[in-house]
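These are my notebook entries on a structure that I had not examined before. I set down what I looked up, entry by entry.

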Amino acid sequence: MGLKDELAKSMGGAPTEGYDAVIVCCSGVIEANYWQNRLEASRGVVLPEKAFVLSVDEDWKGGAGNGLGTLYAFSKAHEAGLSKGVNLKEKLADGSFSVAIYHTAGKGTRLAPLPGAENNNKPGVKLPSTITLKTGHTAPITILEAVIKQTSCYAPSRKGRLSVYWGDQIFIPSVSPSYTPASHIDLLAQMLSELPTADIWEQKGLASYGLAVEFASGEGAQIEKVDHATATRMLSSLGDIKSVGPSLGSFSVSSPILEALLKEFSAELSAKEGQLDTDPHFWMPLTLPLEAYCEVMG
């Protein structure tokens, strides 16, 4: 099946594939209740009929950051799932479930002024297409529902993995979404065969994005928001580049890595204290030499 056919399969008509469990992380209880009801009503249209929906709020003073926020959302969803007879950790560990988290918190600065029409509920921004809900009503599809429908093409390749997306980020893959994961962590990125020139770096504003790198050795690295000169110098000391490009921020992790992160940050999750993001606080220290990491973060 070609890329065009795979995308048509995931985007058109009733979904025949998708994540077994969908977790929506919201900024408050009201939003969480809304999305729980809305997504349950759009089963069979936006997500598979048998998909397990868990909408949770991030009740974390000052925000947890997308790193701790992902772990906290999964922990809350896991507890909610247990009350409904579904153990997400076990389902991931035995490879029977693919699970996705969609982060929706934030003001929607990049979408402004559109979120204003939805009382700053940015994932609720309506797109020019309609869906028929289980209630029988026809309604405009929201940007979150479009993201869920679009990202479902990755689900078949991610049994036993937790995928993480942003609720207002729609992207169309340029390569087949079907693959066999070869690492515990994978990042979605716009990969190129070589590092962009300084002029292209400046034109495309790449200093505002994290940089994902795959080396000829098969190892990978993440560098967070640096200028072209710094990226060139740092990467030249790490190995021969196979592909490199701006990270889209979305990622997936295996069950063992998820369990390891939950254990490592159990104190922060219990106390609901701290603020950590994935790129600078998880992926960079895991993939960069200590000196390089200190230089970027210093």
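Entry 1, terms. Before placing anything in a loop, I recorded that helices and strands here are DSSP runs, numbered from the N terminus, with at least four residues for a helix and at least two for a strand. I also noted that the model is predicted.

Entry 2, a loop residue with positive phi. I looked up K225 and found it in the loop between β9 and α7, the latter spanning 228-236. K225 has a positive phi of about 50 degrees, although it is not a glycine. I entered K225 as partly exposed because its relative accessible area is 48%, and that class lies between the limits of 20% and 50%.

Entry 3, a second such residue. I then turned to K272, which sits in the loop between α9 (266-271) and α10. The phi of K272 is also positive, about 55 degrees, and K272 is not a glycine. Its relative accessibility is 32%, so K272 counts as partly exposed.

Entry 4, helix α10. I followed the chain into α10, residues 278-287, where T278, D279, P280, F282, W283 and M284 are buried. Against which elements do the buried residues of α10 pack? I listed the helices α3 (65-83), α8 (255-264) and α11 (290-297), together with the strands β7 (185-189), β9 (220-224) and β10 (241-254).

Entry 5, helix α5. I checked how far α5, residues 143-151, is covered, and nine of its nine residues are buried. The buried residues of α5 include the charged side chains' positions E145 and K149, as well as I143, L144, V147 and I148.

Entry 6, the loop between β3 and β4. I placed G106 in the loop between β3 (99-103) and β4 (126-132). Is G106 buried or partly exposed? With 46% relative accessibility, G106 counts as partly exposed. Leaving aside neighbours within four places in sequence, I found G106 in contact with N120 and K122. I also looked up the separation of G106 from I141: the two are 35 residues apart along the chain, and their C-alpha atoms are separated by 20 Å. P113 is found in the loop between β3 and β4 as well. The peptide bond from A112 to P113 is cis, with omega near 10 degrees.

Entry 7, cysteines. I searched the whole structure for disulfides and the count is zero. For C26, the nearest cysteine sulfur belongs to C25 and is 6.7 Å away, whereas a disulfide requires the sulfur atoms to be within 2.5 Å. C26 counts as buried because its relative accessibility is 0%. C153 has a relative accessible area of 3%, so I entered C153 as buried too.

Entry 8, the whole protein. I counted eleven helices and ten strands. The radius of gyration is 19 Å, which agrees with the value near 19 Å expected for a compact globule of 298 residues. The C-alpha atoms fill a box of roughly 60 × 45 × 40 Å along the principal axes. Of the 298 residues, 50% count as buried. Among contacts with a separation of 6 or more, 68% join residues 24 or more positions apart. The exposed area is about 14,500 Å², and carbon and sulfur atoms supply 54% of it. Finally, I recorded 25 positive and 33 negative side chains, the centres of the two sets lying 8 Å apart.

Notes
Residues are numbered from 1 along each chain as its sequence is written. This is a predicted model: local features need pLDDT of at least 70, side-chain atom pairs count only at pLDDT 80 or more; totals for chains, interfaces and linings use all residues. Side-chain values use heavy atoms; hydrogens and water are left out. The radius of gyration is taken over C-alpha atoms; the globule rule is 2.2 Å times the number of residues to the power 0.38. Buried means under 20% relative accessible area, exposed over 50%, partly exposed in between (1.4 Å probe, protein chains only). Contact means heavy atoms within 4.5 Å. Accessible areas come from the Shrake-Rupley method with a 1.4 Å probe; for residues, only the protein chains shown count as cover. Lys and Arg count as positive and Asp and Glu as negative; His and the chain ends are not counted. The place of a charge is taken as NZ of Lys, CZ of Arg, CG of Asp or CD of Glu.
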